[in-house]
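Thanks for asking me to look this structure over with you. Keep the 3D view open while you read, and turn to each spot as it comes up.

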Amino acid sequence: MRVIGLISGTSVDGIDAALVDISGTNLDIEIELVAGATYPYPTHLRERILAVCAGEALSMAELAELDDAISCAFAQAAKNIQFGQEQASLIGSHGQTVYHRPPRKGGGELSTPNSPLGYSIQLGRGALIAHLTGMTTVSNFRAADIAAGGQGAPLVPRVDAALLSDFAESRCVQNIGGIGNVAYIPPRRDSNWLEKLRGWDTGPGNSLLDLAVEHLSSGTKTYDENGAWAASGNPCHPLVEQWLTQDYFHLPPPKSTGRELFGVSYLQNCLQDAEAYQLSPADILATLTELTAASIVHSYRSFLPQMPQRVLLCGGGSRNLYLKSRIQNLLGSVPVMTTDDVGLSADFKEAIAFAVLAYWRYMGTPGNLPTATGAPQEVLLGEVSP
Ligand SMILES: Nc1ncnc2c1ncn2[C@@H]1O[C@H](COP(=O)(O)OP(=O)(O)OP(=O)(O)O)[C@@H](O)[C@H]1O
Ligand SMILES: CC(=O)N[C@H]1[C@@H]2OC[C@@H](O2)[C@@H](O)[C@@H]1O[C@H](C)C(=O)O
């Protein structure tokens, strides 16, 4: 079946689209990426989304307008990736997360005693995308897991298990987007490998780095290309140690987070802490990069039954060579590669994952992994708009 997967992640850099051929059932599926592309948001739309993610208030009318604009942008991305290709039968559209409140039992600091449940808002409504493209669209993937008591995130670990498991080797698949998340996949030869799968959000990926680069370059840059700027500085280890004492890093999984925690105010606190050490801009970036690397490796050491035999990076942060080298350094002898190295696009894996999740919805197969989201059971994910 030919499926289109669409997502804009927490970096809010644009819509990733993947046109994928999928066959098989449940975890025994095969995929072929026919085409992948990123369609950047128009600047004004990106700025609007980032402002809303940073907590800016908006009226119901403004919310509707923003949802319209995002829905249209997603529909256009589907049409673009479809252009000149054999027709797809289905779209899986994640939409744009603008708010994520983990349930209180998963450390949701935003939840209140009156409202201990999780809540997650992805804009870009499936019904409109279906209408504008003429293709059945599955959307709102997180809602059913949250309703069942899960975090609603991360959802990709089940897809990672299907596409990146190895018969003999344990692996961590580490996505480094705005937020970082991991899937730990035991060797498939273990009879109970499925129960031993794990997944959680590790904390900041590029979100703090991107905000810092924008601030330190007075708005002339949006990210640290290849990590070159950070590589020209030195990490301040006492600061990293101080930041790692923060509650989120010590909370046992299942857990999820977002820009609500690792966003603008968090960076402001980091910059204030850095003043005491009189760090140069390059040192600040090296220190924030070290926080991302150390929080990832620290979470493996704290929460995995044993260290993986290989780590496969994906997401935009896998292109940050300095970050990659720091993760490798902290992991010692565990080899660090990218998912590209084992044949799965590191840039489009998340978009591919939402194509697979739509396919599973269509096949009546659950999409969540209770050991990753904390939901008490597997559930069907996504609402279908024919
Ligand atoms: N060449 C590069 N060098 C360094 N960093 C890069 C490079 N290319 C992309 N990035 C980083 O990757 C980010 C985008 O990553 P990605 O698209 O995986 O995030 P996302 O999908 O929006 O986030 P999430 O996975 O949290 O939802 C950019 O904001 C930038 O920080
Ligand atoms: C609420 C939300 O959009 N969470 C994202 C975010 O970006 C990375 C990490 O935090 C992950 O939990 C999730 O995305 C991926 C696609 C997931 O659900 O697996």
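The points below go from the overall layout to the two ligands and then to some backbone details.

1. **What kind of model this is.** Please keep in mind from the start that this is a predicted model. The distances and areas below are all computed from it.

2. **Two domains.** The domain assignment splits the protein into domain 1 (2-153 + 347-385) and domain 2 (156-342). Notice that domain 1 is written as two stretches of sequence, 2-153 and 347-385. If you mark the C-alpha centre of each domain, the two marks are 22 Å apart. Where the domains touch, 40 residues of domain 1 and 36 residues of domain 2 take part in the contact. About 3,000 Å² of area is buried between domain 1 and domain 2, and carbon and sulfur atoms account for 57% of it.

3. **Where ligand 1 sits.** Which parts of the protein give residues to the shell around ligand 1? Both domain 1 and domain 2 do, so ligand 1 lies between them. The ligand has 21 residues around it, and the closest are Thr 10, Ser 11, Asp 210, Asn 226 and Gly 316. Sorted by class, this shell holds twelve polar, six charged and three nonpolar residues.

4. **Polar contacts of ligand 1.** Try zooming in on the oxygen atoms of this ligand. The side chain of Asn 175 places an N or O atom 2.9 Å from one oxygen atom of ligand 1. With Gly 178 the partner is a backbone N or O atom, 2.9 Å from an oxygen atom of ligand 1. Asn 206 brings a polar side-chain atom to 3.3 Å from an oxygen atom of the ligand. On its own, ligand 1 would expose 650 Å², and the protein buries 88% of that.

5. **The surroundings of ligand 2.** Ligand 2 has 16 residues around it, with Thr 97, Arg 142, Leu 155, Val 156 and Asp 201 coming nearest. Here the shell is made up of seven nonpolar, six polar and three charged residues. Domain 1 and domain 2 each supply at least three residues of it. Which elements should you highlight to find the shell? Pick β4 (90-101), β8 (179-185) and α14 (349-363), each of which gives at least two residues. The largest share, three residues, belongs to β4.

6. **Polar contacts of ligand 2.** Three of the nearest residues are worth a second look here. Thr 97 has a polar side-chain atom 2.6 Å from an oxygen atom of ligand 2. For Arg 142, a polar side-chain atom is 2.7 Å from a ligand oxygen atom. The side chain of Asp 201 also has an N or O atom 2.7 Å from an oxygen atom of ligand 2. How much of the accessible area of ligand 2 does the protein cover? The answer is 97% of the 430 Å² that the ligand has on its own.

7. **Two cis peptide bonds.** As background, most peptide bonds are trans. The bond from Ala 153 to Pro 154 is cis, with omega near -10 degrees. You will find Pro 154 in the loop between α4 (143-147) and α5 (156-164). Another cis bond runs from Pro 253 to Pro 254, with omega near 5 degrees. Pro 254 belongs to the loop between α10 (247-250) and α11 (264-275).

8. **A positive phi.** Most residues other than glycine have a negative phi. Val 12 has a positive one, near 55 degrees, although Val 12 is not a glycine. Look for Val 12 in the loop between β1 (2-8) and β2 (15-25).

Notes: Residues are numbered from 1 along each chain as its sequence is written. Chains are lettered from A and ligands numbered from 1 in the order in which they are written. This is a predicted model: local features need pLDDT of at least 70, side-chain atom pairs count only at pLDDT 80 or more; totals for chains, interfaces and linings use all residues. Side-chain values use heavy atoms; hydrogens and water are left out. A residue is near a molecule or strand if one of its heavy atoms lies within 4 Å of it. A polar contact is a pair of N or O atoms within 3.5 Å; within protein, one must be able to donate a hydrogen and the other to accept it, and residues adjacent in sequence count only if both atoms are side-chain atoms. Accessible areas come from the Shrake-Rupley method with a 1.4 Å probe; for residues, only the protein chains shown count as cover. Helices (H or I, at least four residues) and strands (E, at least two) are DSSP runs, numbered from the N terminus. Ala, Val, Leu, Ile, Met, Phe, Trp, Tyr, Cys and Pro count as nonpolar, Asp, Glu, Lys and Arg as charged, and the others, Gly among them, as polar. Domain bounds come from an automatic or database domain assignment. Contact means heavy atoms within 4.5 Å. Buried area is the accessible area (1.4 Å probe) that two parts lose on being put together, summed over both.
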